[in-house]
Amino acid sequence: MYFRSLTFYSERTSGSSSLPCEPFLRPWDFLATLAANDAPGAVLAPNLLLAAQSGGILYAFTEATLEGKLVLAVLFIASIFSWSVMITKMRIVRLARKQNERFLQRFRADRQPLRIYESQGRFDGSPLFSIYRAGCRELTLHLLGATEVDETFRARLDVAERITPSQMNVVTSAMERAVGESALRLEAQMILLATAVSGAPFLGLLGTVWGVMDTFSGVALAGSASLQAMAPGVSGALITTVTGLLVAIPAMFGYNFLVTSIRSLIVQNDNFAAELASEFEHKYVNHGSRSVFVK
């Protein structure tokens with residue numbers, strides 16, 4: 001259809017000096033030809049020429065209604081928030097993994113569970129270290145009566161009496177609270193990504209339906225239904241759906257990646273808390289004498 005029309009207009013204007021005689025014209029030259037000649041598509045050519053020259057997205061934005069532009073503004077703000085959350089959380093997850101690995105290498109290199117706490121080592125950004133520090137503080141409070149680390153810490157620890165199982169339960173509770181607080185910090189602001197994933201398409205659809213409704217209302221008031229009358233309004237209405245999907249799709253991939261990464265970190269926190277509690281039980285808890293049953 002387009003090639004036949006294109007050949008027709010090329011042959012028709014072959015003797016004219018205003019238009020070149022070429023077997024194929026560029027799309028915008030063809031649209032200009034339609035606009036300059038008496039042809040069935042000449043009425044629609046100016047709008048199509050504007051769309052081809054300015055780009056579909058820009059043309060649709062210029063034809064959007066005030067309500068559609070307000071929806072686009074809300075989606076733009078939602079996109080800024082979702083991208084900032086994704087970038088920030090990915091950096092936090094990457095730092096947590098790196099610091100956890102460093103901490104575990106040092107912790108498992110020494111069989112003394114309180115060695116890192118005694119040396120006052122720091123692993124900023126590591127959820128495992130926050131759990132370890134909470135457990136060590138509670139343990140030293142029951143062992144030594146204080147949480148401060150000084151020059152006499154090792155000497156006092158060597159002569160300290162072991163704690164009871166009930167006191168160990170308090171230490172375990174402190175580590176469990178640290179695990180919960182760490183999980184809350186890792187999952188903070190994830191609700192923004194979930195909202196962007198689920199809400200952006202519906203918000204874009206709202207803008208599209210509103211724009212199409214206004215377009216059909218205008219056509220009804222004008223009393224004439226033509227492609228020239230409907231195309232700009234429909235184009236301006238559809239841009240909100242496109243923008244909603246552009247906001248939701250990256251947020252969906254980022255949300256799925258972050259949820260999986262955070263879940264693995266939380267499982268790692270639980271496993272380490274159980275490992276640390278086992279170390280404390282073995283070295284610092286007095287379970288009393290065990291009864292021996294003789295037949």
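**Figure 1. Contact of helices α5 and α7 in the predicted model.** Helix α5 covers residues 66-109 and helix α7 covers residues 127-144; their axes come within 7 Å and cross at roughly 50°. The two helices are therefore oblique to each other, since an angle outside the ranges under 35, over 145 and 65 to 115 degrees counts as oblique. On the α5 side, the contact is made by Ala 96, Asn 100, Phe 103, Leu 104 and Phe 107. Pro 127, Leu 128, Phe 129 and Tyr 132 make it on the α7 side. By class, the residues of this contact comprise eight nonpolar, one polar and no charged.

**Figure 2. The largest nonpolar core.** This core has 30 residues. Those with the most contacts inside it are Phe 103, Tyr 132, Leu 139, Phe 272 and Phe 280. Two or more residues each come from α5, α6 (115-119), α7, α8 (153-159), α9 (165-187) and α11 (227-284). Helix α7 gives the most to the core, with eight residues. Apart from this core lies another, of 14 residues, with Met 86, Ala 96, Leu 186 and Ala 251 among them.

**Figure 3. Surroundings of Phe 272.** With neighbours within four places in sequence left aside, Phe 272 is in contact with Phe 103, Leu 104, Phe 107, Leu 128, Ile 131 and Tyr 132. Of these partners, Phe 103, Leu 104 and Phe 107 of α5 and Leu 128 and Tyr 132 of α7 also take part in the contact between those two helices. Phe 272 is one of the residues with the most contacts inside the largest nonpolar core, as are Phe 103 and Tyr 132.

**Figure 4. Helix α9 and the residue that follows.** At 1.5 Å a residue, the 23 residues of α9 should span 33 Å, and this agrees with its end C-alpha atoms, which are 33 Å apart. Buried residues in α9 are Met 168, Val 171, Ala 174, Met 175, Ala 178, Val 179, Ser 182, Ala 183 and Leu 186. One of them, Leu 186, belongs to the core of 14 residues. Gln 189 follows the helix and lies in the loop between α9 and α10. Although it is not a glycine, Gln 189 has a positive phi of about 70°. Its relative accessibility of 45% makes Gln 189 partly exposed.

**Figure 5. Gln 120 in the loop between α6 and α7.** Gln 120 has a phi near 55°, a positive value in a residue other than glycine. Gln 120 counts as exposed because its relative accessibility is 53%, and exposed means over 50%.

**Figure 6. Two pairs of residues separated along the chain.** Leu 72 is placed in helix α5 and counts as buried, at 10% relative accessibility. Its C-alpha atom is separated by 8.2 Å from that of Gly 207, 135 residues apart along the chain. Ser 198 lies in helix α10, residues 190-222, and is partly exposed, with a relative accessible area of 45%. The C-alpha atoms of Ser 198 and Met 252 are separated by 8.7 Å, with their positions 54 residues apart along the chain.

**Figure 7. The protein as a whole.** The secondary structure comes to 11 helices and zero strands. Of the 295 residues, 35% count as buried. Among contacts with a separation of 6 or more, 74% are accounted for by residues 24 or more positions apart.

Notes. Residues are numbered from 1 along each chain as its sequence is written. This is a predicted model: local features need pLDDT of at least 70, side-chain atom pairs count only at pLDDT 80 or more; totals for chains, interfaces and linings use all residues. Side-chain values use heavy atoms; hydrogens and water are left out. Axes are lines fitted to C-alpha atoms, for helices over the stretch in contact, and angles run from 0 to 180 degrees between N-to-C directions. Helices (H or I, at least four residues) and strands (E, at least two) are DSSP runs, numbered from the N terminus. Contact means heavy atoms within 4.5 Å. Ala, Val, Leu, Ile, Met, Phe, Trp, Tyr, Cys and Pro count as nonpolar, Asp, Glu, Lys and Arg as charged, and the others, Gly among them, as polar. A nonpolar core is a set of buried Ala, Val, Leu, Ile, Met, Phe, Trp, Tyr and Cys residues joined through side-chain atoms within 4.5 Å. Buried means under 20% relative accessible area, exposed over 50%, partly exposed in between (1.4 Å probe, protein chains only). The expected span of a helix is 1.5 Å times one less than its number of residues.
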